[in-house]
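Biologist: Please take a close look at one part of this model, namely how its charged side chains pair up. Add a little about the surroundings afterwards.

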Amino acid sequence: MLGFLILFPLVVAAVLLVARNNRARNVIVGASALIIGLVSIGLVVAYLGAPWISFEFSSPVVDYACSAVTLAVGAAIVYYGIRYKNVGALVLAVVQVVGALVFEFVFAHGVEVPQALYLDSLSLLMAFIIGVIGSGICVYALGYMEDFQKHEPEGAKDRRPVFFALMFVFLSAMFLIVFSNNMVWMFTGWEVTTVCSFLLIAYTRTDEAIKNAFRQIIMNLLGGIGFLVALYVCAIQIGTLSLLEFLQFGVQNPMLVVLPATARAFAGLTKAAQMPFHTWLLGAMVAPTPTSALLHSSTMVKAGVFLLVKLAPIFLVCPVPSLMVILVGGITFTLCSFMAISQTNAKRVLAYSTIANLGLIAACAGVGTPEAVWAAAFLILFHAIAKSLLFLCVGTAEHHIGSRDIEDMDLLFERMPRLARFMMLGIMCMFIAPFGMLVAKWATLVSFVDTGQVALILLLAFGSAATFMFWAKWLGKLSGIAGQPENVETTVHKSEWASIMLMAVLVVVGCVCLPIISWIIVEPYVYSVFGTLGQDIASTNLWIASIAAALVAIVLFAGLGRNKAKKADIYLAGVGLDNAERTYKNSLSGETTATARNWYLEGIFGEKRIAPVGTIICSVAIIVAFAAAAVALPGLF
């Protein structure tokens, strides 16, 4: 099943490259997504509660194939660097290619990893996210990209076969990352996600898209080089390329793994778009919405936090990488939450929210206690589900109201009643009790209190206050009803509705079944790693939150489809002049237009004021951590 999930998406990608017929593409993508989703669910059910299970599998052919793919990725980046005259990407790609060649033929040649594949409960959680949410986004892309293609210039080449092929390659690379005990294989998947992200961000081939794609690849190449440094140290100093052996050795001998743990944590921070690398994820917003949804929810950035959570046992006993991850994650969470307040573009709000929540997950991983890891696992799950739902809703709204600006969504409850409810559900899941994200933040706060992390408690408090402000503003816009606008959601593609409804169902089921998920997936992982349970919230409280979430969902969707209510004219707090234009006669007999606009406080929370602060602090934290790790490296001094 592991091999199938890794290889089957590659086969689908190859077929999609040659399938030019729109109907054939729809069938292939739909059927393949269903198969991947079902196999992922089957894998989770078959191994519920499993501890770390290694599989005897090693092959020189696969080893060389992974090395060849890594070199091909580097060669592709070199090609694009030369083509677009980007010196930074070219230099970093050459460094990585040379480093990978030397590593493969000099240092890694004699290091064997007999048990190259594995699974545990965290891998199963990630497999569900990749296989179900990732596949659902691929289905959503069918209708979205059809509309997207219609807006392309007349005579433009239809490049959707490449787009969908890259989406499925992305899924394959993610499965390789979460199932690989052989860290060389994991590195291959790591680099494939980097180049896939580059190609998807640059899909429109505009100057802005190409510029942002190169920003992404430069920053993630830095992380890739950090990963490669960790492989060198593991092969030379520790004599293993097994992830399990590295984790066991690191817990027993923390001073000997300071540099590889720091380098690997650095790779995770860049992939998770933490400050000072957050700008690559913001730049990715120029890509079509399915790309944004895939990057933010089930792939790319989730690979970063997955690796950080895996390293949590080492962070618990190794202060240098732990402090780096805690500081970078905590500051990123707070400052990016502040910057989200000043955004009117819905996709940028979602981007800043993603970066902020990934920072909170990173901080939990850096703390490394069982309670913090329990909270991190639920933050990963609920963020993936809610963000995928929100991105899909924003993409559909943009195509039908012609804008992604929050200020243009105040009539969405009437113009797109179903979509508005789904969007409201996603927003509520992100910040309102009793939904999953707030429960996970509650657990995060308890874990920080228990470990005496005063600075993190303050960062969490201020960041959460900012989170409440920017989500509440958006929710208020969606809730506003005025006038009698035309319903425009009748032309939404069935594939879009299917994916959006899937994500909405997952949100509700995830929140309602939170105690069960804790019992059968998260707790077994925490216990297998730490030998103790990590749930620091009483089960009765979890069940109360579960029941309340179900009631909120029922209330939100109960009246959907019933449109027999009498519609009255707008009340304009005076003598109305023109309801359509919302004008009325004010107390001085003058004409006033009724408006409702949110408060964005750009002068206080603008990017230009806040971003440099976080960039400087996080950069210094990373540099100091690497300096300390280099000093601690045995035999260096």
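Modeller: What follows starts with the pairs, then turns to a buried residue and a patch on the surface.

This is a predicted model, where local features need pLDDT of at least 70 and side-chain atom pairs count only at pLDDT 80 or more, while totals for chains, interfaces and linings use all residues. Residues are numbered from 1 along each chain as its sequence is written, and side-chain values use heavy atoms, with hydrogens and water left out.

Side chains of opposite charge can pair when their charged atoms come close. Searching the whole structure turns up 5 salt bridges (a side-chain nitrogen of Lys or Arg within 4 Å of a carboxyl oxygen of Asp or Glu).

One of them joins the side chains of Lys-310 and Asp-120, with 2.4 Å from N to O. The two partners come from distant parts of the chain, 190 residues apart. Lys-310 sits in helix 13, which covers residues 301-310, and Asp-120 is in the loop between strand 2 (117-119) and helix 5 (121-150). Helices (H or I, at least four residues) and strands (E, at least two) are DSSP runs, numbered from the N terminus. Lys-310 is buried because its relative accessible area is 2%, and Asp-120 counts as buried because its value is 2%. Buried means under 20% relative accessible area, exposed over 50%, and partly exposed in between (1.4 Å probe, protein chains only).

Another bridge links Arg-160 with Asp-158, at 2.8 Å from N to O. Arg-160 has a relative accessible area of 9% and is therefore buried. Asp-158 has 25%, so this residue counts as partly exposed.

A further bridge is made by Arg-348 and Glu-607, at 2.4 Å from N to O. Arg-348 belongs to helix 16 (residues 346-367) and Glu-607 to helix 26 (residues 607-632), so the bridge ties together parts that are 259 residues apart in sequence. Arg-348 is partly exposed, since its relative accessible area is 23%. Glu-607 is also partly exposed, at 26%.

Next comes a buried residue. Ser-197 is found in helix 7, residues 183-201, and counts as buried because its relative accessibility is 0%. With neighbours within four places in sequence left aside, Ser-197 is in contact (heavy atoms within 4.5 Å) with Phe-170, Gln-216, Trp-280, Leu-295 and Met-300.

The surface also has a nonpolar patch of about 770 Å². Its members are Tyr-64, Val-94, Val-98, Leu-101, Val-102, Phe-105, Val-106, Phe-107 and Ile-236. Patches are made of residues with over 30% relative accessible area and no salt bridge; like charges are joined within 9 Å, nonpolar side chains (Val, Leu, Ile, Met, Phe, Trp, Tyr) within 5 Å. Areas come from the Shrake-Rupley method with a 1.4 Å probe; for residues, only the protein chains shown count as cover. Helix 4 (residues 87-107) gives the most to this patch, with 7 residues. Val-102 is in helix 4, and its 34% relative accessibility is why Val-102 counts as partly exposed.

Helix 3 holds Ala-76, which is partly exposed at a relative accessible area of 24%. From C-alpha to C-alpha, Ala-76 and Val-449 are 47 Å apart in space, and they are 373 residues apart in sequence.
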